[in-house]
Amino acid sequence: MTEYVEQNPHAAARSSEPDPRAEGEARAATREEPIPADQSQGAEEPLEQQLERARSEASANHDRYLRAMADMDNFKKRMERTYADRAESSKKELLRKLLAVKDNLERAVHYGNSSESGEGVIEGVKLTQYQLDQLLVQEGVKPIEAAGKPFDPRLEEAVQRVHDASLPDETVVQVVRGGYTYGDSVLRPAQVVVSVHESG
């Protein structure tokens with residue numbers, strides 16, 4: 001190797017000089033390329049657009065929510081008015097039927113005042129009672145049949161207890177005030193007298 005350097009001094013000088021191509025590649029690898037201005041702005045614009053789009057969607061969703069709430073409130077008010085109108089119509093119809101019963105009572109009283117005997121009044125009252133009973137049945141009101149049956153606390157209220165060995169224990173002896181049911185519910189419990197056996 002020494003002999004070659006001595007014989008070729010120019011080659012030795014060339015080997016010690018840096019390779020310009022290698023230096024160019026190194027500079028290219030380590031050099032930081034500047035980001036163009038238009039590209040830096042383009043990176044920010046999508047974020048702004050996304051934010052604006054999110055705001056628009058949020059505003060639209062809020063408007064839809066408000067409209068839905070308003071529609072629900074209007075629907076609720078319409079249903080309340082509908083139920084109120086139906087209830088009022090049913091009440092008016094019932095009152096009209098009761099007025100017919102009142103008319104019969106007035107006729108019975110008028111006939112009793114103009115008649116020497118009270119037989120006409122009794123017949124008129126009986127007819128009116130029958131009409132009223134039919135009206136209650138049409139409206140879904142039914143009397144509670146309690147007399148002579150076992151006492152039922154769901155339908156009846158015991159106002160008195162009497163000892164009666166001839167009847168089974170807890171049997172309704174007498175109905176003091178009639179009770180009525182409306183559909184599946186008790187409109188008014190019957191007040192009854194119940195037989196009991198002495199203990200012991």
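Threonine 181 lies in strand E4, which spans residues 180-182. The structure described here is a predicted model. With a relative accessibility of 17%, threonine 181 counts as buried, because buried residues are those under 20% relative accessible area. When its neighbours within four places in sequence are set aside, threonine 181 is in contact with Gly140, Val141, Lys142, Ile144, Leu155, Val186 and Leu187.

Methionine 69 belongs to helix H4, which covers residues 37-114. At 46% relative accessibility, methionine 69 counts as partly exposed. Together with Tyr65 and Leu66, Met69 forms a nonpolar patch on the surface, and the accessible area of these residues together is about 320 Å².

The two residues are set out below.

| Residue | Element | Relative accessibility | Class |
|---|---|---|---|
| Threonine 181 | strand E4 (residues 180-182) | 17% | buried |
| Methionine 69 | helix H4 (residues 37-114) | 46% | partly exposed |

The model also contains an open sheet of three strands, arranged in the order E2-E6-E3 with mixed pairing. Strand E2 (156-163) and strand E3 (171-177) each have a single partner strand and stand at the edges, so one side of each is left without a neighbour in the sheet. From one strand to the next, the twist averages 30°.

Seven bridges link E2 to strand E6 (residues 190-196), and this pairing runs in the parallel sense. Histidine 163 stands opposite valine 196 in E6.

Technical notes:
Residues numbered from 1 in each chain as written. Predicted model: local features only at pLDDT ≥ 70, side-chain atom pairs only at ≥ 80, totals over all residues. Heavy atoms only, no water. Pairing = 2+ DSSP bridges. Helix = DSSP H or I, 4+ residues; strand = E, 2+ residues; numbered from the N terminus. Axes fitted to C-alpha atoms, helices over the stretch in contact; angles between N-to-C directions. Buried < 20%, exposed > 50% of the residue type's maximum accessible area, 1.4 Å probe, protein only. Contact = heavy atoms within 4.5 Å. Patch = residues over 30% accessible without salt bridge, like charges linked within 9 Å, V, L, I, M, F, W, Y side chains within 5 Å. Areas by Shrake-Rupley, 256 points an atom, 1.4 Å probe, with all protein chains shown as cover. Salt bridge = Lys/Arg side-chain N within 4 Å of Asp/Glu carboxyl O.
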